[in-house]
Amino acid sequence: MTSKRTSLLIPAVLSGVFLSGMAFAQQATPQYGGQLVYAQSGEKFTLFMGRNTDQSAQDVWLNACETLVDMNEKNEITPLLARSWTVSADRKKVTFKLQEGVKFHDGTPFNAEAAAFVFNEAKEKKFLYISLLEGFEKATADSEYEMSFHLEAPFAALLPTLGYRPLCIFSPTAYKTKGEAGLATQIVGTGPFVHTKYVKGEYTLFERNKEYWQKGKPYLDSIKIIIVPDASTRTAMLERGEIDRTVQLGDLELARLERNKSINVRTVPSTRQFYVVLNHRIAPMNDPKFRIALNHAIDKAGIVESVFAGRGAALMKAPTMTDGVVAFTDMRQPGEDTIFPYNVAKAKALLKEAGYEVRDSDGFLKDSKGQRLRLKLWTPRGATKGDYQVAQLVQTFLTQLGIGVDLTVMESAAFSSAMNQGPEDAKYDMALLSWGIPTADPDQPMMYFTHTRAWKPVGANRMFFSDAEIDRIADLAHVEIDEAKRKEYVRQWMARLLVTAPVIYLPTLNLGLAGRTYLKGDQILAVDNYPAHFAWFDKAEMERQGVRR
Amino acid sequence: MDFLRRFAQDRVGLAFSFVLLALAVVALTAQWIAPYDPFAISLRQGMRPPSWTNWLGTDQFGRDVFSRVLLATQVTSKIAISSILFAVLIGVPVGMFVGYRGGMAEAIVMRMTDVLLIFPIILLAIVIVVIAGPSERGVVIALGLSQMPQFIRITRGVTLSIKEELYVEAAIAAGASTPSILLRHIWPNISAPIVVQATLTLPVFVLNTAALSYLGLGVQPPNPEWGQMLNEAKEVLASAPYLIIGPSVALFLSVLAANLVGDALQETLNPKLKGRRLKRPPVFGPARLPGARETGN
């Protein structure tokens, strides 16, 4: 047996080290009390983690529901409900030693049986996240506080995947009693806060878990997460002290917010990258030359400058992957600032090779039969900051090339539904989306995004892209434990993506979090999480700013 | 000439009819008089405040806001006039026919219009746009359908009174066909209230076009529309407040001018109402022409 034992003290030590490096002061002694009001942009259509992978829902779950392992600000895995773990010699069995004396909010004990139930149920009932646990066979309770994961093949990304928030351990008793429908409005986990109220479309309320297993925590009395869809309204509420923190800020507002001495603005690079889905089942998007041409037709630097004020996003260094993701390699050519640099001449040449060129004085791109090329582009508005603006620019750049682009702005729920169709039902030509890697591990994009097995509705391959070499490399990397070999597989996979260009690659987002300066101890993670469950208020500073809660 | 003389007596109406005329000229010539290409982006020149080069500044993509406001005048006018034509060309013949013939057809049509009139215009329009899809055509259908019941009711009401006139009875006695009676004897005598209603509906349609576009259900990018421009400006209001000026002023002027001209027109065509300003159609509720006779069954 190879083993990795991790002390319970590590999270505290790690958080102490990392947080001290952040802009906010952590040296002061935490103070107890107060209600944190946190404004989010998006509504959750269900709170049941088995049926929802929404990014914004993760900040809701983490208050009340905990995962076996956690991820810190350096994207490192730290213990949480699992104290330590050991891996068998054949890498097909991972045994977790669990925290003892932990109780779910309904009073039932957290133990190996409960944890194993959640994962086995996820497999049986096909929870949305189960496709991330590729090769998961079963979970067994070996003793009261020892649970084993049995895998069909070694799974290099098991631990990062187990840190993904939807894989938190909910109470089996509550699940059996209330069912999925009951847990759609009620979170019953082991977290530092007890979920006490949920008003759909308005707010979610959490109150301090007095029996929380990490003694002395949490510090706040309660957390209220409210929904405020409009970014400028959220910003105004923060400036007035009506809320304590908010995310998804308008980048054009950041400079102004930073001048406010009562507000602390933090930005970090994220794992979230914009892209335009190209439906490969529709010609000419099944032609790699055409797809590469579209990639070269977009001025990515211009998008970063205009939509994100030069700071809310960054140029891509690799397809799909970003800095901070395990096994990342910079795939830019020497002297180039991004992959697929803006080059209209190259785009036109590739389009000509693909059979499309401007044949008349009307300026429209036509095929050899004189048929004009016209495509539909769908976009949501406000699902991710800047999405509507980026979609408009994509439309403009493609129009400049001679492609007719009909842009349709869709309401978030309608867009989400339309984008979750299988190959026969998908009606889009192109759609603007963003892709994050919440596990910070390449296994997720390799297996869940570009693999043939990940075609919607199973995975996130909305392009219906299929490439045998891409699949072969992904399968190899999935079971490879050796870090160097895995990194090479990932590099090969990205190199192949640059040749096949399944999507139009667009800039990588920087995340922004703004909070009042009296709020201490909250975090911003590159995986688009903003934990505040161990945050606290500096009461004197709060008083000085005239805020009372 | 008598009409023009009487119309000119309303100085406010006359003044704003010139404003409306100017807007119409802008709408007809927008693509030629715009100082810059309203669609041309210049990403490194975005969010520039008003200057001699760009009178209303540039938007996030470096597009000239003044040029886009001018083009939006054309887009809005096209939608508002198309919607009115849609409502009039369907509503008026139906109203004349059911008013003239009566019977079961009248009962069915009037009950249907009653049902449609229950809903506020904007709500009805949103439902129709969601079904038809967000586009200029969708907005035209939505606004046209939402106001069609009002035109049916008004036309039916005035037709009911006109058909009792002796000259109509004489035409019937002479063996004239129904279409001939409707076109030659009834239409010339009911056209005035229809024209006034259409004028009063114009600002309602302009505002609702802006409202739908503001909600993302109307004109789609890259075509500019005042409501859509206001929505985009709202997101950067604190950083670039100047972006809101152009579309706001254009919207305000066009609605004010259309309302005041509508009022003046109404007073000119219906001298009995002289001296008392009338209620205009509610912007987000069913539009109603005050003074028009509505005879129930």
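**Chain A as a whole**

Select chain A and colour it by secondary structure: this predicted model gives chain A 16 helices and 22 strands. Turn the chain so that its principal axes can be seen in succession; along them, the C-alpha trace spans about 75 × 60 × 45 Å. How does the radius of gyration of chain A stand against that of a compact globule? For 549 residues a compact globule would have a value near 24 Å, and chain A has 24 Å, so the two agree.

Colouring by burial shows that 50% of the 549 residues of chain A count as buried. The contacts can also be sorted by separation along the sequence: of those in chain A with a separation of 6 or more, 69% are between residues 24 or more positions apart.

**The two domains of chain A**

Next, select residues 29-244 together with 518-544, which form domain 1 of chain A, and give a second colour to residues 271-509, which form domain 2. The centres of these two domains, taken over C-alpha atoms, are separated by 31 Å. Where the domains meet, 22 residues of domain 1 of chain A are in contact with 22 residues of domain 2 of chain A. On the domain 1 side of this meeting, the residues divide into 12 nonpolar, seven polar and three charged.

**Three strands in succession**

Move to residues 193-199 and 203-208 of chain A, which are strands β9 and β10; they pair in the antiparallel sense over six bridges. Within this pairing, Val194(A) stands opposite Glu207(A) of β10(A). What links the two strands? β9(A) and β10(A) form a hairpin with three residues between them. Select Gly201(A) in the turn, where phi is positive, at about 80 degrees.

Now add residues 222-227 of chain A, strand β11, which runs antiparallel to β10(A) and is joined to β10(A) by five bridges. One place to look is Thr204(A), whose bridge partner in β11(A) is Ile225(A).

**Helix α8 and Ala293(A)**

Select residues 288-296 of chain A, helix α8, and find Ala293(A) within the helix. Is Ala293(A) buried or exposed? Ala293(A) is buried, because 27 other C-beta atoms lie within 10 Å, where 20 or more are required. Leaving out residues up to four places away in sequence, Ala293(A) touches Ala347(A), Leu350(A), Leu351(A) and Ala354(A). Draw a distance from Ala293(A) to Leu351(A): these residues are 58 apart in sequence, and 6.1 Å apart in space from C-alpha to C-alpha.

**Helix α7 and its cover**

Show helix α7 of chain A, residues 251-258. Which residues of α7(A) are buried? They are Asp251(A), Leu252(A), Glu253(A) and Leu254(A). Among the elements of chain A that cover these buried residues are α6, β13 (263-278) and β20 (503-516).

**The largest nonpolar core**

Select Ala115(A), Tyr275(A), Val276(A), Val277(A), Val394(A) and Trp493(A), which touch the most other members of the largest nonpolar core, a set of 242 residues. The largest share of this core, 15 residues, is given by helix α3 of chain B, residues 65-101. Domain 1 and domain 2 of chain A each contribute at least three residues to this core. Centre the view on Val394(A): apart from neighbours within four places in sequence, Val394(A) is in contact with Val276(A), Ile298(A), Leu377(A) and Leu432(A).

**Chain B**

Now display chain B, whose secondary structure comes to 10 helices and zero strands. The C-alpha trace of chain B spans about 75 × 45 × 30 Å along its principal axes. Of its 297 residues, 47% count as buried. Among contacts in chain B between residues at least 6 apart in sequence, 69% join residues at least 24 apart.

**Where the chains meet**

Finally, show both chains and select the residues at their interface: 20 residues of chain A are in contact with 18 residues of chain B. On the chain A side, the elements giving two or more residues are α6 (231-240), α7 (251-258), α9 (300-306), α11 (387-400) and β18 (404-410). Which element gives the most? α11(A) does, with five residues. By class, the chain A side has six nonpolar, nine polar and five charged residues.

Methods: Residues numbered from 1 in each chain as written. Chains lettered and ligands numbered in written order. Predicted model: local features only at pLDDT ≥ 70, side-chain atom pairs only at ≥ 80, totals over all residues. Contact = placed C-beta atoms within 7 Å. Helix = DSSP H or I, 4+ residues; strand = E, 2+ residues; numbered from the N terminus. Nonpolar A, V, L, I, M, F, W, Y, C, P; charged D, E, K, R; others polar. Rg over C-alpha atoms; globule rule 2.2 N^0.38 Å. Buried ≥ 20, exposed ≤ 12 C-beta atoms within 10 Å, placed from the backbone. Domains from an automatic or database assignment. Pairing = 2+ DSSP bridges. Core = buried A, V, L, I, M, F, W, Y, C linked by C-beta atoms within 7 Å.
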